[in-house]
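Open the model in a viewer and keep a selection box at hand. The stops below go from strands to ligand to empty space.

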Amino acid sequence: MKKTFNRQQRKSIELRSEKISLRKKRLEVLEKWMLQNREAIKAALASDLGKSAHEADISEVFPALSEVRKARRKLNLWSRAKQVKSSMTFIGTRAKIAYEPKGVCLIISPWNYPFMLAVGPLISALSAGNTVFLKPSEFTPATSALLKTMVEALFDEEVAVVYEGDANVAQQLLQLPFNHIFFTGSPAVGKIIMKHAAAHLSSVTLELGGKSPTIVDETASIKDAAHKIAWGKWINAGQTCVAPDHLYIHRSISDEFITQLKNEVSKLFGKPEDYTRIVNEKHFDRLSELLKETSESSILLSGKVDKSELIIDPVICKDISAESGLMREEIFGPILSIIEFEELDQVVATINEAEKPLALYLFSKSRKNKNFVLRQTSSGSVVVNDCVLQFAHPHLPFGGVNNSGFGKSHGEYGFRAFSNEKAVLKQKIGLTMSGLLYPPANKWKNKLLDMLIKYF
Ligand code: NAD
């Protein structure tokens, strides 16, 4: 590891002055490889998670290809230094923000969208001219092995390298003085990453998780909300960082909404081949424990729960105690708990008492309610009348706030996460505006200073 790190460190200095066309070349080969190996990607995802080919295309192959295509198209623009204006004391100078690569970067990725969440940051890191160590999740070995094959086929080790393995491998990597660490995973591990980063003052992007609440108010279109929530919650069997975690429904429409939601679940995921399985026994057991805590009377929908196949069919439950695991932990699985409400401000107060979520969803036709929720809550993203889609929006930053993470990713935001925004100031030779204020002080200089303090 150390040897490879040293090689990448030397290469990263060379990459600082490399032509943008060479970075684009790397993106081009990556794009080509993904297109040529689309079936292999889908096969790996089917082996690791039982993802259907359709879902793998929608949620992994297509977003990765859009990300790389956008980077190829926009890289000249993103990497161009941005001129900035001068103020009074800087008359005669020229100033710009230059985007330089951070250097040697570490990407640690999770298992839930194991291809997209590894390749996405890899694209951003390479776009910004960095070298990369990538450590994918040990829970999705087929995809991790494919990522290794891909990186080995496309790049020399001094540009990008994949280390497969678990937390121990990640811990070894974290001993190295990376210039930037991009971590996607749980808030608990995010804290460990930050501690290690602190030893070297490595900058970090933390893409974390948590509980993303969904509100359906009394003005919402019930059918529309049920349709979209059914998709957003149970795609990837609920193992999505921005999936609706729990749902607040206005009491007046609760029964009708729940009936619609059940219908939609069966329409979208009724066929076993369209439904993803739980990643492994550890997570299956975690989710089963959450279900065991739940009384039978509060379960409104359930189906097959089969450890041998790692299948947990969609579960909807209601009236769950605030102390239960379902209401305290991130569910990260196919269980949706529903809470009825009468006053929106009480829902907002409950949301504000908890950690700031990665995403917050509101289904409503009321402008007043939309403004109220937008202004009174804090979260990485808010979506009105849909869910999960913000992840794929090409022009929005993606990320959390505090407990759900910090730093942004995707497109230009991802490029910036892996770039140092270097301030470049060019001064003229000889008499300068700021030089007029150098000591020794005199009456004239003091007058000038008084004027600056008063007016500028
Ligand atoms: P995780 O934190 O357990 O693991 C993520 C990565 O960290 C893996 O590669 C793992 O090997 C490594 N890791 C685990 N323990 C470690 C340790 N002690 N030291 C160093 N590295 C360690 O997360 P997960 O279970 O893979 O993913 C689920 C979590 O990720 C959920 O909280 C989910 O919300 C979040 N998530 C967030 C996003 C996002 O974009 N914000 C996307 C997907 C998942």
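Which residue in β18 is the bridge partner of Arg-94? Select Arg-94 and look across to β18: the partner is Lys-426. Keep in mind throughout that this is a predicted model.

**Stop 1: the sheet of three strands**

Now widen the selection to residues 94-101, which make up strand β2. Strand β2 pairs with β18 in the antiparallel sense, and eight bridges connect the two. Add β1 to the selection to see an open sheet of three strands, ordered β1-β2-β18 and paired antiparallel. Its edges are β1, at 82-84, and β18, at 419-426, each of which pairs on one side only. Going from one strand to the next, the twist averages 30°.

**Stop 2: the sheet of six strands**

Select β5, β4, β3, β6, β7 and β17 next; in that order they form an open sheet with mixed pairing. The edge strands here are β5 (160-162) and β17 (405-406), and each pairs on one side only. Inside this sheet, pick out β3 (residues 104-108) and β6 (residues 180-184). These two strands run parallel and are joined by four bridges. For one pair to display, take Cys-105 and find its bridge partner in β6, which is His-180.

**Stop 3: the ligand**

Select the ligand and show what is around it. How many residues surround the ligand? There are 29, and the closest are Lys-135, Glu-138, Ser-186, Leu-208 and Glu-330. Three distances can be drawn here.

- From Glu-138, a polar side-chain atom lies 2.6 Å from a ligand oxygen atom.
- From Glu-330, an N or O atom of the side chain is 2.6 Å from an oxygen atom of the ligand.
- From Ser-109, use the backbone: an N or O atom there lies 2.8 Å from an oxygen atom of the ligand.

**Stop 4: the largest cavity**

Keep Glu-330 selected and hide the ligand. Glu-330 is also among the lining residues nearest the centre of the largest cavity, along with Thr-240, Ala-243, Asp-245 and Phe-332. The lining has 13 residues in total: five nonpolar, five polar and three charged. The volume of the largest cavity is about 50 Å³.

**Stop 5: the second largest cavity**

A search of the whole structure finds two cavities of 30 Å³ or more. To see the second largest, select Thr-89, Met-433, Leu-436, Leu-437, Leu-448 and Leu-452, which line it. This cavity holds about 30 Å³ of space. What classes of residue make up its lining? Five are nonpolar and one is polar, with no charged residues.

**Stop 6: the second largest pocket**

Finish with Ile-58, Pro-63, Phe-391, Ala-392 and His-393, the residues nearest the centre of the second largest pocket. The volume of this pocket is about 500 Å³, and 24 residues line it. Which elements give two or more residues to that lining? They are α4 (53-79) and α5 (116-127). Colour α4 separately: with eight residues, α4 provides the largest share of the lining. Colouring the lining by class gives 15 nonpolar, six polar and three charged residues.

Definitions and conventions. Residues numbered from 1 in each chain as written. Predicted model: local features only at pLDDT ≥ 70, side-chain atom pairs only at ≥ 80, totals over all residues. Heavy atoms only, no water. 1 Å grid on protein atoms, 1.4 Å probe; cavity = no way out; pocket = protein on both sides within 12 Å on 5 of 7 lines; lining within 4 Å. Points joined across faces, edges and corners; volume = space filled by probe spheres on them. Nonpolar A, V, L, I, M, F, W, Y, C, P; charged D, E, K, R; others polar. Pairing = 2+ DSSP bridges. Axes fitted to C-alpha atoms, helices over the stretch in contact; angles between N-to-C directions. Near = heavy atom within 4 Å. Polar contact = N/O pair within 3.5 Å; in protein donor to acceptor, adjacent residues only side chain to side chain.
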